[in-house]
Amino acid sequence: MTSLFALVDCNNFYCSVMRVFHPELNNVPVVVLSNNDGSIIARSNEAKALGLQMGQPFFEAKPTIDKYNVVYFSSNYTLIGDMSARVHSTLARFTPNVEIYSIDEAFLDLGGFKGIVIPDYARTIRNTVKKWTGIPVSIGVAPTKTLAKLANRIAKKSEKANGVLVLTEAKHLEAALKRTDVGDVWGIGSRYATKLHSFGINNAWQLANVTDAFAKKHLTVVGLRLVKELRGEPCADLEIEPPAKKGICSSRSFGKPVTTLDDLKEAVAVYASRCAYKLRQQKSACRVVTVFIHTNPFREQEPQYYNTKTINLPVSSSSTIELVQYATMALEHIYRDGFAYKKAGVYITEIGPADGAQMNIFDRVDRSKHASLMLTLDQLNKSMGKGTVKVAAEGVSHIWEPKAEFSPPCYTTRIEDVLKVR
DNA sequence: TCTGGGGTCCTAGGACCC
DNA sequence: TCTGGGGTCCTAGGACCC
């Protein structure tokens with residue numbers, strides 16, 4: 001049986017979400033900003049046409065934004081997450097084998113489908129997602145994931161494809177590979193693209209035709225797999241069950257510079273608490289906690305400081321109380337007076353199953369008590385709303401909170417916003 | 001004034017061991 | 001000229017993704 005993968009990708013997802021709730025923004029340039037309203041992370045086609053770049057600092061883009069009346073929003077992750085779930089559950093109607101690849105992308109396994117016309121089926125999926133969620137998607141179908149990605153890119157850009165491209169015939173595959181720049185291949189970033197150009201390899205077709213030895217030598221075994229996938233040989237299957245994370249990180253840039261240890265402690269406690277929560281959600285525990293802090297590298301004239309501290313836990317844990325304690329210890333170790341800090345973060349690693357935690361005879365923590373406390377905390381926060389219950393160290397002043405001055409309301413979760421009442 | 005956050009995988013090289 | 005060789009573990013750094 002020959003394999004067949006579909007990649008479904010939401011078009012300009014964050015912008016499209018805004019348009020669902022603001023239909024008047026159709027055909028109007030729209031951008032969505034990163035945390036702290038720092039830079040552009042999503043652009044509508046009209047915004048792309050104005051030359052606005054992905055990752056471009058907001059202040060730098062502001063003149064263009066003002067000149068062309070570009071509409072801009074802060075990110076609202078609750079809203080985005082909710083719309084993402086709607087799209088993914090719609091896709092699940094079309095095949096049991098779905099891999100949720102990212103917030104706005106999914107791979108579908110169409111390999112075993114008999115008696116259906118694939119291009120028609122793909123178009124039905126596209127129309128249904130649009131009708132049920134309001135989100136426009138593009139669909140690429142091909143024998144490997146890498147080729148499905150490539151087909152998707154063309155489906156999105158080509159007027160003729162109109163959002164759907166199925167690449168199964170050799171001559172179509174060859175033409176598609178020849179018109180794709182090597183740097184636009186999934187897995188080839190800017191470094192590898194430069195390197196490949198220096199060897200005269202400029203498009204995906206040329207990359208598909210290098211020797212295995214060349215691929216391995218210059219692009220490692222990852223690149224060798226990629227090259228095989230370009231030739232139509234599948235090297236990656238669908239990942240239907242998301243694997244447990246091996247590292248969990250929570251970090252943010254601050255809304256304004258932070259100078260005191262007390263404020264940093266609050267922020268680090270909040271991040272450690274988020275890590276602990278994510279850890280419990282996947283029923284894991286960690287053995288290592290790392291904290292990092294740094295000043296603003298863009299302010300070159302100001303004194304710079306960057307440091308990290310890693311602490312090995314005596315016994316692996318997923319308790320917010322414990323992780324906050326260790327993260328605070330780490331922070332105290334690296335904090336230096338006299339700097340304006342821009343960002344802090346907590347990173348936890350050495351993650352394993354919660355019930356497989358190694359015992360330690362010197363362990364003085366009552367683990368069953370902690371576990372039941374955390375269970376209660378998670379249940380309360382789930383039923384009464386995020387942040388209802390937290391540990392004291394997380395504080396309340398939060399002068400370091402990121403900025404989000406252009407936030408859209410939570411249309412999908414707040415009835416007041418849906419009904420437009422005040 | 002203003003520059004995101006959260007991940008994965010691989011390799012090279014050093015330390016250490018027998 | 002030529003200084004043992006092979007295995008494992010760990011870490012730092014590099015590359016990529018959305």
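A residue or atom counts as near a DNA strand here if the distance between heavy atoms is within 4 Å. Keep that cut-off in mind as you look at this predicted model.

Start with DNA strand C. What part of the DNA faces the protein? Of the atoms of DNA strand C within 4 Å of the protein, 100% belong to sugar or phosphate. On the protein side, 13 residues surround the strand. The closest are S102, K149, G189, R191 and Y192. Sort the surface near DNA strand C by class, and you get five nonpolar, four polar and four charged residues.

Now look at single contacts. The side chain of R191 places a polar atom 2.5 Å from a phosphate oxygen of DNA strand C. The backbone takes part as well. A polar backbone atom of G187 is 3.0 Å from a phosphate oxygen of the strand. For I188, a backbone N or O atom lies 3.5 Å from a phosphate oxygen. Which elements give two or more residues to this surface? They are β5 and α8 (190-198). Helix α8 gives the largest share, three residues.

Next, move to strand β2, residues 30-33. In a regular strand, side chains alternate between the two faces of the sheet. Follow the side chains of β2 one by one. V30 and V32 point one way. V31 and L33 point the other way. All four of these residues are buried.

Strand β2 has two partners to trace. With strand β4 (residues 71-73), β2 pairs in the parallel sense over three bridges. Here V31 stands opposite Y72 in β4. With strand β3 (residues 40-43), β2 pairs in the antiparallel sense, again over three bridges. There V32 stands opposite A42 in β3. Strands β2 and β3 form a hairpin with six residues between the strands. Within this hairpin, N36 takes a positive phi near 70°.

Turn now to the aromatic rings. How many aromatic pairs does a search of the whole structure find? The search finds 16. Take F94 and Y121 as one example. Their ring centres are 5.8 Å apart and their planes meet at 80°, so the pair is edge-to-face; planes over 60 degrees apart earn that name. Where do the two residues sit? F94 lies in the loop between α4 (77-91) and β5 (98-102), and Y121 lies in helix α5 (residues 118-133). The pair therefore ties together parts that are 27 residues apart in sequence. Are these residues buried or exposed? F94 counts as buried, because its relative accessibility is 13%. Y121 also counts as buried, at 18%.

Y101 and F107 make another edge-to-face pair. Their ring centres are 5.6 Å apart, and their planes lie at 75°. These two residues sit in contrasting surroundings. Y101 is partly exposed, with a relative accessible area of 35%. F107 is buried, with a relative accessible area of 0%.

F107 has a further neighbour to find. The charged end of K145 sits over the ring of F107, 4.8 Å from the ring centre. So F107 takes part in a ring pair with Y101 and has the charged end of K145 over its ring.

Finish with a group of rings. Which residues do ring pairs link into a cluster? They are Y305, Y335, F339 and Y341.

Methods: Residues numbered from 1 in each chain as written. Chains lettered and ligands numbered in written order. Heavy atoms only, no water. Phe/Tyr/Trp six-rings, centres within 6.5 Å; stacked < 30°, edge-to-face > 60°. Helix = DSSP H or I, 4+ residues; strand = E, 2+ residues; numbered from the N terminus. Buried < 20%, exposed > 50% of the residue type's maximum accessible area, 1.4 Å probe, protein only. Lys NZ or Arg CZ within 6 Å of the ring centre and 35° of its normal. Pairing = 2+ DSSP bridges. Polar contact = N/O pair within 3.5 Å; in protein donor to acceptor, adjacent residues only side chain to side chain. Nonpolar A, V, L, I, M, F, W, Y, C, P; charged D, E, K, R; others polar.
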